[in-house]
Amino acid sequence: MAHTRINFLSVPVDIIPEQNLADEIMEIIVKNSEAKVSSQICFVSIWDILKARFNQDYMNCLKNASLVIPISKSILKGASFLKLPVPVRYNPFKAVISIMNALDKNFRTLYLFGSRRESLMAAEKNVKATFSGLRIIGRYVGYYPKASEENIIEAIYKASPSLTLVSDGISGGDMWYYRHRKKFEAGIFLYYKDCFGIFSRRKRRISESTFEKGLEIWPEIVRNPFKLFLVFPYLWYLIVLLWYKIFKK
């Protein structure tokens, strides 16, 4: 494996150079196939780090993941402050594209899971047009009734895709796979809420310059001013960082 795992505020975070991501993904897929197991990749923001510290199930989900990829600049600054190895931060949409490019070049398979029907169908159309070597072998909408869940699980199990891309409308997000992980025997699951919205062009991507500056929260605040209250958990994050700096080795 070409990644290093660190404990950041007791939460697992992986360090993986961008140039190694494609090889890492293919190695995980091959390893899963040989062992007849599945696994997942998790994107984590600073809010996810705080959530994991108070939610043991979510903490176990991250510990179980093949890759835990940081997407917040605050995680990098925090790791540097604690004199830990500093992870590589990923733009989640660009990371998804890199992963799909790796699968495309190796003629692997994809299952699309989530979103409303119109967004899902538009996303599928655009994925097919972009990744000609990546075969889509199934899809299912999100926001589904609970009674449909076992049928969905069976459909994904039978399809055995290399990657199941999970978007909005899936209860629990990353936790959906974790709760059902023993029911699958192949492939990688990756949850990114905005994925199909961006693929279907129904949702705008954060600009590269905004992301690089670590200002991606501000467009969200414009859409939802209540997110200004995230300043309070952020202050708690700073306090936890300071506590680890003083008292933890």
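Is Lys 83 buried or exposed?

Let us settle that one first and then work through some exercises together. This is a predicted model, in which local features need pLDDT of at least 70, side-chain atom pairs count only at pLDDT 80 or more, and totals for chains, interfaces and linings use all residues. Residues are numbered from 1 along each chain as its sequence is written, and side-chain values use heavy atoms, with hydrogens and water left out.

**Exercise 1. Describe the setting and backbone of Lys 83, then do the same for Ser 10.**

Step 1. Lys 83 counts as exposed, at 69% relative accessibility. The cut-offs are under 20% relative accessible area for buried, over 50% for exposed, and partly exposed in between, using a 1.4 Å probe and protein chains only.

Step 2. Find Lys 83 in the loop between α4 (73-81) and α5. Helices (H or I, at least four residues) and strands (E, at least two) are DSSP runs, numbered from the N terminus.

Step 3. Look at the backbone: the phi of Lys 83 is near 65°, which is positive in a residue other than glycine. Most residues other than glycine have a negative phi.

Step 4. Turn to Ser 10, in the loop between β1 (4-8) and β2 (11-15). Its phi is near 75°, again a positive value in a residue other than glycine. Ser 10 is partly exposed, with a relative accessible area of 37%.

**Exercise 2. Work out how α1 packs against α5.**

Step 1. Two packed helices are described by the angle between their axes and the distance between the axes. Axes are lines fitted to C-alpha atoms, for helices over the stretch in contact, and angles run from 0 to 180 degrees between N-to-C directions.

Step 2. For helix α1 (residues 21-35) and helix α5 (residues 92-105), the axes come within 9 Å and cross at roughly 60°. That makes α1 oblique to α5. By the cut-offs, angles under 35 degrees are roughly parallel, over 145 roughly antiparallel, 65 to 115 roughly perpendicular, and the rest oblique.

Step 3. The α1 and α5 crossing is right-handed. In a right-handed crossing the near helix is turned clockwise from the far one by less than a right angle, and in a left-handed one anticlockwise.

Step 4. List the contacts, meaning heavy atoms within 4.5 Å. From α1, Leu 21, Ala 22, Ile 25, Met 26 and Ile 29 meet Ala 95, Ser 98, Ile 99, Ala 102 and Leu 103 of α5. Sorted by class, this contact has nine nonpolar, one polar and no charged residues. Here Ala, Val, Leu, Ile, Met, Phe, Trp, Tyr, Cys and Pro count as nonpolar, Asp, Glu, Lys and Arg as charged, and the others, Gly among them, as polar.

**Exercise 3. Repeat the analysis for α4 and α12.**

Step 1. α4 and helix α12 (residues 231-247) pack at an angle of about 20°, and their axes are 10 Å apart. The two helices are therefore roughly parallel to each other.

Step 2. The crossing of α4 and α12 is right-handed. Ser 74, Ile 75, Gly 78 and Phe 81 of α4 make the contact with Tyr 234, Tyr 237, Leu 241, Leu 242 and Lys 245 of α12. The classes are six nonpolar, two polar and one charged.

**Exercise 4. Trace the salt bridges around Glu 124, then one elsewhere.**

Step 1. A salt bridge is a side-chain nitrogen of Lys or Arg within 4 Å of a carboxyl oxygen of Asp or Glu. The whole structure holds eight of them.

Step 2. Begin with Lys 128 and Glu 124, whose closest N and O atoms are 3.3 Å apart. Both sit in helix α6 (residues 117-130), four residues apart, about one turn of the helix. Lys 128 is partly exposed at 47%, whereas Glu 124 is buried at 5% relative accessibility.

Step 3. Glu 124 also forms a salt bridge with Arg 139, with closest N and O atoms 2.6 Å apart. Glu 124 lies in α6 and Arg 139 in strand β6 (residues 135-140), so the pair ties together parts that are 15 residues apart in sequence. Arg 139 is partly exposed, at 33%.

Step 4. Elsewhere, Glu 150 and Lys 183 meet in a salt bridge (3.2 Å, N to O). This pair links distant parts of the chain, 33 residues apart: Glu 150 is in helix α7 (residues 149-159) and Lys 183 in the loop between α8 (174-180) and β8 (188-191).

Step 5. To finish, join the bridges that share partners: Glu 124, Lys 128 and Arg 139 form one network.
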